[in-house]
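Trainee: I should like to learn how to read a few features of a protein model. May we look at one together?

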Amino acid sequence: MADFDGAGQAFMAWLQQAGAEVSPKIKLEDLRHAQAGRGVVATQDIAEHELLFRIPRSAVLSVENSILSKEIPAATFEMLGPWASLILVMLYEYFNGDASNWAAYFSVLPADFNTLMYWTEDELAELQASAVVHKIGKESANDMFLEQLLPVIKEFAPIFFAGDERAPQRAEELRDERNLALMHRMGSLIMAYAFDIEPTVSKKDVDEEGYASEDEDAALPKGMVPLADMLNADADRNNARLFYEASSLDMKALKPIRAGEEVFNDYGPLPRSDLLRRYGYITDNYAQYDVAEVSMDLVTDLASTAGIYSEARIAYLDEQDVVDTGYDIVVSTPFTLQESLSPELVVLVETLLLPGDEFERLQSKGKLPKPEKMTSHGAEFLLRLVQARLAQYATSLEDDMSGCAGVPSVAGHDAKERRFAMARAVRIGEKRLLRQVEEALAERLSRDGNTSKRAREVDEEGDVEMGGTGKKQRA
């Protein structure tokens, strides 16, 4: 406890020496009893829009602020990209030990993680057919470390390990398992704690709600923002937000916060599977963002069995940006098929089902079926598709729900039991969503009656209804 508290106090002292402004109305608190590590708690009532803390941009652990950026060509960092560049800088600062400007910050960052990257094979097996299993990326991370980072470290070893006559050997030693684990630790810290650092003058295109595309966010430089990353997250109790100013990053209250309440950030609309993958825990508050993914391979297999698969149509759909590796089925409140089903998936199915002459006519006009104009034939195929997706899981929803007592707390339970419970909660959420869609499609078909008598809706020119997909952003 003393070491934990002492590290926290040393961190706060370092932060103020670095020029940070911290409101006297908040404090860093030990929340391990609530399985939350450190957190920020209000000690006095806080008003809406009130400043909680201000972190100067110079205190952010980033490529720009590290001495390494002055020693290695900028082209090298550009080649590595935002993620690998920040891992490189964090390794450099970590190896510098007490000489690093961020030594006190490293002392409060976790060394152990509960994210999927660190799960054993039997623990991952509990996720069954969840698509998140294929998004962990441990092998690709190892490849990135060995093929991108290591060559750079070896090339600049005298700089990276300044003053060490064994610099070349130390660079080569990064190949061993212990140092690969250290690289995974830095990558996990970035995944769990790093922020996309908006420049002083943003060059991104944003929509009317102020959001940029995923591609543009991926290109932003990333940085570790001390204290901001100590805030725990909650989708329902989110009461603070980080604002990007010219010379600082300001955390402000989004609503009044009463004394004794915790200050919460928000991760955004992440499904619980991604919450588990990136942060190592789940909460029911994020069930509203759950996603069940249907792979393109499954669509292809089912379409081939039904005799409707066509390479020519897939090629056309690919030109129209409809073809993807997978399609999301999402939670909608109130539930509707139109809101829950991926519009691209509906368009894909309806296009494959078109008679030959109708497909040629729409192709000649560069059109697509409208996702909101789902036919009974389309609903019938989608029903079989959802049923096939459900069959990919090793257990049924009823099996999973039998004796389900939720996610156990850390107290009184070992890590493996807790991981099994979290995996079960994730797969239950996905199966519930798929079952809801299955029942809605069956009800739709029951209302429509005989699918062979269902006529396609046509426009004023006699063509099948066409249009854009109204593409949704995938989680």
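Trainee: How many residues line the second largest pocket, and which of them lie nearest its centre?

Mentor: Please keep in mind that this is a predicted model. As a general idea, rolling a probe the size of a water molecule over the atoms shows where empty space is left. In this structure, the second largest pocket is lined by 24 residues, and Ser62, Val63, Glu64, Pro221 and Lys222 are those nearest its centre. The volume of this pocket is about 520 Å³.

Trainee: Which element gives the most to the lining of the second largest pocket?

Mentor: That is α3, with 7 residues. Both α3 (74-95) and β7 (222-224) supply at least two residues each to this lining. Sorted by class, the lining has 11 nonpolar, 8 polar and 5 charged residues.

Trainee: Why does the second largest pocket lie between domain 1 and domain 2?

Mentor: The pocket lies between them because domain 1 (4-60 + 225-287) and domain 2 (61-201) both give residues to its lining.

Trainee: Let us turn to the backbone. Where does Gln128 lie, and what is its phi?

Mentor: The general idea is that most residues other than glycine have a negative phi, and most peptide bonds are trans. Gln128 is not a glycine, yet its phi is positive, at about 55 degrees. Gln128 is found in the loop between α5 (121-125) and α6 (138-155). Leu227, likewise not a glycine, has a positive phi of about 75 degrees. The loop that holds Leu227 runs between β7 and β8 (232-233).

Trainee: Is the peptide bond that joins Thr333 and Pro334 cis or trans?

Mentor: The bond between Thr333 and Pro334 is cis, with an omega of about -5 degrees. Pro334 belongs to the loop between β13 (326-330) and α14 (337-340).

Trainee: Finally, I should like to read a helix pair. At what angle do α13 and α15 pack?

Mentor: One reads such a pair from its angle, its axes and its contact residues. Helix α13 (residues 311-319) packs against helix α15 (residues 343-353) at about 145 degrees, and their axes are 10 Å apart. The crossing of α13 and α15 is right-handed. On α13, the contact is made by Arg313, Ile314 and Leu317, while α15 brings Val347, Leu348, Thr351, Leu352 and Leu353.

Trainee: How do the residues of this contact divide by class, nonpolar, polar or charged?

Mentor: The contact of α13 with α15 comprises 6 nonpolar residues, 1 polar and 1 charged.

Terms used
Residues are numbered from 1 along each chain as its sequence is written. This is a predicted model: local features need pLDDT of at least 70, side-chain atom pairs count only at pLDDT 80 or more; totals for chains, interfaces and linings use all residues. Side-chain values use heavy atoms; hydrogens and water are left out. Axes are lines fitted to C-alpha atoms, for helices over the stretch in contact, and angles run from 0 to 180 degrees between N-to-C directions. Helices (H or I, at least four residues) and strands (E, at least two) are DSSP runs, numbered from the N terminus. A crossing is left-handed if the near helix is turned anticlockwise from the far one by less than a right angle, and right-handed if clockwise. Contact means heavy atoms within 4.5 Å. Ala, Val, Leu, Ile, Met, Phe, Trp, Tyr, Cys and Pro count as nonpolar, Asp, Glu, Lys and Arg as charged, and the others, Gly among them, as polar. On a 1 Å grid over the protein atoms alone, a cavity is a set of points where a 1.4 Å probe fits but cannot get out, and a pocket is an open set with protein on both sides within 12 Å along at least five of seven lines; lining residues have an atom within 4 Å of a point. Grid points are joined across faces, edges and corners, and a volume is the space filled by probe spheres set on the points. Domain bounds come from an automatic or database domain assignment.
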